Amino acid sequence: MKLLIDTDPGVDDALAILMALDEPAAEVVALTVAAGNVGLHHTVANALRVLEVVGARVPVFAGCATPLVRPAADAAFVHGTDGFGDAGLPPPQGQASAEHAALAMLRLSREHAGALTFVMLGPLTNLALALKLDPGLPARVPRLVVMGGALTGRGNVDRLPVEFNLGFDPEAAHVVFEAWPGLELVDWEATLDHALPLDRFQAWLAAGDRRARWYGAISRKTRDFMASTPHRGEWVAADALAMLVALEPDAVDQAVERPVAIELDGRLTRGATIVDWDRRGSFPGRARLVRRLRAERFAARVARALGAG
Ligand code: BDR
Ligand code: CA
């Protein structure tokens, strides 16, 4: 399995990347980096930092610093102003490659034609740009797994029915959902349904190896946030759940295919995922919506990625 991971690290992004790097059967061919949780200079540095924790040699490509059309608010209140919990980490030693993320996506899709899984853990800006440059991209990439959306309107940003990744760059989401047949969507509601008990998660942090110690430091603020929000007592890790779907397709117990469109105009709904549950409309897009996963597979993989499995 070959993965290209597009990401805006981000505390849950880091866990997802650790999961991918921990899987012997998976080769991570690149991290392409988006702005989202925090600004691009932070997300690029954080992508490099995750790789350095495990000594992984994976190229990092910086992408777009802003959404395609309108500016958007970040999620520093969840992830810290540097995206990694303001834990005082030293700067990374490596640096990003000179090639733009969108161009790296296109090049790698040709070099590994028919073999790559794209795993999208942040706003879809880089992928939308790549698709506009080369609409033939989906034909070369057999799987696209996206973390984003809120299928029945239980979102996680100020516009209540909207999820962060798609709400950060709705136009990019629109481009991707229209153009990509059969993308696999792991939404915020599935994430809530598969939250891990916070005390169990903290026990893994205490029992694991140096990855756990590092992750314990960068996740401290987010764990405090989780303890004090409606998620009280749960560890909600959206990107990690999407990575489980990428790594273990057979961990999905229930999924349905439906057309999905992205709301671009609504005052209260801009960026919302509109699902044609009863197939009454004429949206061109069609996505595989993941609803239920094997919770124990998720727990086992997260624990293993922290060295506590
Ligand atoms: C998504 O938003 C970000 O804050 C997380 O990293 C995740 O990708 C969840 O809505
Ligand atoms: Ca993310």
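**The calcium site and the ligand pocket**

Good morning. The calcium ion, ligand 2, is held by protein donors 2.3 to 2.6 Å away, namely Asp8 (OD), Asp13 (OD), Asp13 (OD), Leu121 (O) and Asp239 (OD). Donors here are N, O and S atoms within 2.8 Å of the metal, or 3.2 Å for Na, K and Ca; water is not among the atoms, so sites may look incomplete. Along the sequence, the donor residues follow the spacing D-x4-D-x107-L-x117-D. Distant parts of the chain are linked in this way: Leu121 belongs to the loop between strand E4 (116-120) and helix H5 (125-133), while Asp239 belongs to helix H13, 118 residues apart. Helices (H or I, at least four residues) and strands (E, at least two) are DSSP runs, numbered from the N terminus.

A word on the model. It is predicted, with local features requiring pLDDT of at least 70 and side-chain atom pairs pLDDT 80 or more, whereas totals for chains, interfaces and linings use all residues. Residues are numbered from 1 along each chain as written, chains are lettered from A and ligands numbered from 1 in written order, and side-chain values use heavy atoms, without hydrogens or water.

I turn to ligand 1. Which residues come nearest to ligand 1? Of the 13 around it, they are Asp12, Asn37, Asn156, Glu163 and Asp239; a residue counts as near if one of its heavy atoms lies within 4 Å. Oxygen atoms of ligand 1 make polar contacts, meaning pairs of N or O atoms within 3.5 Å. The side chain of Asp12 places an N or O atom 2.5 Å from a ligand oxygen, a polar side-chain atom of Asn37 is also 2.5 Å from one, and for Glu163 the distance is 2.4 Å. Taken alone, ligand 1 exposes 280 Å², of which the protein buries 95%, by the Shrake-Rupley method with a 1.4 Å probe. Helix H1 (11-22), helix H7 (164-168) and helix H13 (238-247) each give two or more residues to the shell.

Finally, the backbone. Most residues other than glycine have a negative phi, and most peptide bonds are trans. Pro9 and Gly10 are joined by a cis peptide bond, with omega about -10 degrees, and Gly10 lies in the loop between strand E1 (2-7) and H1. Asp86, not a glycine, has a positive phi of about 50 degrees; its place is the loop between helix H3 (76-79) and helix H4 (101-111).

Notes: Polar contact = N/O pair within 3.5 Å; in protein donor to acceptor, adjacent residues only side chain to side chain.
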